[in-house]
Amino acid sequence: MTALLGKLFARHRRSLWWVVMRIVRDPQTADDLAQETYLRTLHALEARPIQHLESYLYQTARHLALDHTRKRKYRNRFEERDIAWADVETVASDGASAEEDLLERERQRLLEAALA
């Protein structure tokens, strides 16, 4: 069944790409989602037989594209696209500062000296 899927996907790849492209309007994303269509269908085939494989491919591609568009719209409500680099540089890091690293190394050195 995997060989059949490979042949079917190769035959319909360009058409699947256009189905996705009409929805997402980005060639790279369309490539990624077309490939994801193949992988999702392959995993579904491993779990159960699929009667209409060609229809399943197109339905999966369309659903992935719609999900991607929905997530992008949701994300755009909360993300700022035109953010200044200076603003990004001032965001605090979760990691230790250089000063904290230096203090920790000094504590480690003193502990090792005391143990020696």
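Contact here means that heavy atoms lie within 4.5 Å. The model is predicted, so that local features need pLDDT of at least 70 and side-chain atom pairs count only at pLDDT 80 or more, while totals for chains, interfaces and linings use all residues. Residues are numbered from 1 along each chain as its sequence is written, and side-chain values use heavy atoms, with hydrogens and water left out.

**Exercise 1. Find which residues Ala 30 is in contact with, leaving aside its neighbours within four places in sequence, and then place Ala 30 in the largest nonpolar core.**

Solution. Step one: with those neighbours left aside, Ala 30 is in contact with Trp 17, Val 20, Met 21 and Val 24. Step two: a nonpolar core is a set of buried Ala, Val, Leu, Ile, Met, Phe, Trp, Tyr and Cys residues joined through side-chain atoms within 4.5 Å, where buried means under 20% relative accessible area, exposed means over 50%, and partly exposed lies in between (1.4 Å probe, protein chains only). Step three: the largest such core has 20 residues, and those that touch the most other members are Leu 5, Val 20, Val 24, Ala 30, Leu 33, Leu 53 and Leu 57. Step four: H1, H2 and H3 each supply at least two residues of this core, and H1 gives the most, with 8 residues. Helices are DSSP runs (H or I, at least four residues), numbered from the N terminus.

**Exercise 2. Compare the span of helix H3 with its expected value, and state what its buried residues pack against.**

Solution. Step one: the expected span of a helix is 1.5 Å times one less than its number of residues. Step two: H3 covers residues 53–78, which is 26 residues, and reaches 38 Å from its first C-alpha to its last, close to the 38 Å expected at 1.5 Å a residue. Step three: the buried residues of H3 are Leu 53, Leu 57, Thr 60, Ala 61, Leu 64, Ala 65 and Thr 69. Step four: these buried residues pack against helix H1 (2–24) and H2.

**Exercise 3. Describe the packing of H1 and H3 by angle and axis distance, and classify the residues of their contact.**

Solution. Step one: two packed helices are described by the angle between their axes and the distance between the axes. The axes are lines fitted to C-alpha atoms, for helices over the stretch in contact, and angles run from 0 to 180 degrees between N-to-C directions. Step two: H1 and H3 pack at an angle of about 35 degrees, with their axes 9 Å apart. Step three: the crossing of H1 and H3 is right-handed, a term used if the near helix is turned clockwise from the far one by less than a right angle, with left-handed used if anticlockwise. Step four: the contact includes Leu 8, Phe 9 and His 12 of H1, and Glu 54, Tyr 58 and Arg 62 are among its residues from H3. Step five: the residues of this contact divide into 15 nonpolar, 4 polar and 3 charged, where Ala, Val, Leu, Ile, Met, Phe, Trp, Tyr, Cys and Pro count as nonpolar, Asp, Glu, Lys and Arg as charged, and the others, Gly among them, as polar.

**Exercise 4. Are His 12 and Thr 37 buried or exposed, and which residues do they contact beyond four places in sequence?**

Solution. Step one: His 12 is found in helix H1, and it counts as buried because its relative accessibility is 13%. Step two: leaving aside neighbours within four places in sequence, His 12 is in contact with Glu 54 and Tyr 58. Step three: Thr 37 lies in helix H2 (residues 27–47), and it is buried, with a relative accessible area of 0%. Step four: under that same exclusion of neighbours within four places, Thr 37 is in contact with Leu 57, Thr 60, Ala 61 and Leu 64.

**Exercise 5. Locate Arg 25 and give the sign of its phi.**

Solution. Step one: Arg 25 is found in the loop between H1 and H2, and it is exposed, with a relative accessible area of 65%. Step two: most residues other than glycine have a negative phi. Step three: Arg 25 has a positive phi of about 60 degrees although it is not a glycine.
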